[in-house]
Amino acid sequence: DREVLINELKNGNTGTFWNPTSEVRRQRLKRHIVLFEEQTDFESERLWQHVTSAINKGDQHKATQEKFVLEEEQRNAARERRESGTEWKPLLFRHDAGTNEWHYKYEDLRPWDPLNDIAQFEKDGILQTMERHLSTRMSNHKATCIKNQITRHKRSAKDCRRRKTSDQPSNHSQNTESSCSTPESVQELSDDDGKYLGFESLCAQCGKEVDHLKEIHSAVLSLQKAQQDIHR
C-alpha cells in the first residue's frame, strides 16, 4: 500500500513502479494481531522475539546466535522423536507428497466479498470468515423445507381437484365453487413465495439458526464499534 520505485542501473534513472491511490489504500484489510501476552510459546512473534530484538538493534552477531539456539532446539526435538518412534502430526498443515510442499489445511483462497464478508478472524490457528448471508448449509436446508412443503401443498391441491370432480354431476358447470381454494399453479416459487403459501416459519431449525446468526452479527458490530472507540 505504499509507493514502489525502480532504479535503472544502466542509466541511473528512477521511475515509479507502483503508487496506490487513496481508494486502494482504503480497501486494505485491517490487521488483527493477537496480543503478545496471549500468544503461545510456538507462535512466531514470541518464538523469534530475541532474534527480532537483535535485528532491530542492528546486532547481527546476537541475532545469529539466537537463531542458532532455536534451530538447535528444533533439531534436538526431532532427534528425540525419531529415537522414540514418535510420529510428528502437524495440526494446521498437510504435506503434499507430489510437490513435496506443506500447505495450510484451512486456506481460503476465494476473493474477499465486501457485500457478504464481514470479518476474517483466527481461532486456535484456524482462519474463519464471518458472513452476512446464511451459510450454504442453512440455505440448502431452507430450500429443502420449501420444496417439501410445496410438494405437500401440490398433493393437497390434487386431492381437492379429485374430490371436486367425483362429487359433482358430469353435466355440472365447470366453474362451480369448491371448498378447495388452494391455488393450483405452484410450479415456480422463490424463497419469498413461502409467505404467499402461509408458512413464513419454515421449521424450528431454520428459526434457531437465523436467530443464532443475528446474535453473532450483532456481536461483531459491537466489537467493531469498540475497536473504533479504542482507535479514537
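This tour proceeds through a helix pair and then a set of salt bridges in a predicted model.

**Stop 1: helices α3 and α4**

Select residues 49-56, which form helix α3, together with residues 60-84, which form helix α4. The two helices pack at an angle of about 170°, and their axes lie 8 Å apart. Angles over 145 degrees count as roughly antiparallel, so α3 is roughly antiparallel to α4.

Next, display the side chains at the contact. On α3, select His 50, Val 51, Ala 54 and Ile 55. On α4, the residues to select are Lys 62, Ala 63, Glu 66, Lys 67 and Leu 70. Colouring this selection by residue class shows five nonpolar, one polar and three charged residues.

**Stop 2: Lys 67 and Glu 71**

Keep Lys 67, which belongs to the α4 side of the contact with α3, and add Glu 71. These two residues form a salt bridge, with the closest N and O atoms 2.5 Å apart. Where do the partners sit relative to each other in helix α4? Glu 71 and Lys 67 are four residues apart, and therefore separated by about one helical turn.

Both side chains may now be examined for solvent accessibility. Glu 71 has a relative accessible area of 23% and is partly exposed. Lys 67, at 36% relative accessibility, also counts as partly exposed.

**Stop 3: Glu 72 and Arg 75**

Proceed along α4 to Glu 72 and Arg 75, whose side chains meet in a salt bridge with an N to O distance of 3.2 Å. The spacing here is three residues within helix α4, so that about one helical turn separates Arg 75 from Glu 72. Arg 75 is partly exposed, its relative accessible area being 41%. Glu 72 is likewise partly exposed, at 28% relative accessibility.

**Stop 4: Asp 229 and Arg 232**

Now select Asp 229 and Arg 232. Their side chains meet in a salt bridge, at 2.1 Å from N to O. Is Arg 232 buried or exposed? With a relative accessible area of 73%, Arg 232 is exposed. Asp 229, by contrast, counts as partly exposed at 35% relative accessibility.

**Stop 5: the network**

Finally, return to helix α4 and select the residues of stops 2 and 3 together. Which residues are joined into one network by salt bridges that share partners? They are Lys 67, Glu 71, Glu 72 and Arg 75. For further inspection, the count of salt bridges comes to 10, when a side-chain nitrogen of Lys or Arg is required within 4 Å of a carboxyl oxygen of Asp or Glu.

Methods:
Residues are numbered from 1 along each chain as its sequence is written. This is a predicted model: local features need pLDDT of at least 70, side-chain atom pairs count only at pLDDT 80 or more; totals for chains, interfaces and linings use all residues. Side-chain values use heavy atoms; hydrogens and water are left out. Axes are lines fitted to C-alpha atoms, for helices over the stretch in contact, and angles run from 0 to 180 degrees between N-to-C directions. Angles under 35 degrees count as roughly parallel, over 145 as roughly antiparallel, 65 to 115 as roughly perpendicular and the rest as oblique. Contact means heavy atoms within 4.5 Å. Ala, Val, Leu, Ile, Met, Phe, Trp, Tyr, Cys and Pro count as nonpolar, Asp, Glu, Lys and Arg as charged, and the others, Gly among them, as polar. Buried means under 20% relative accessible area, exposed over 50%, partly exposed in between (1.4 Å probe, protein chains only).
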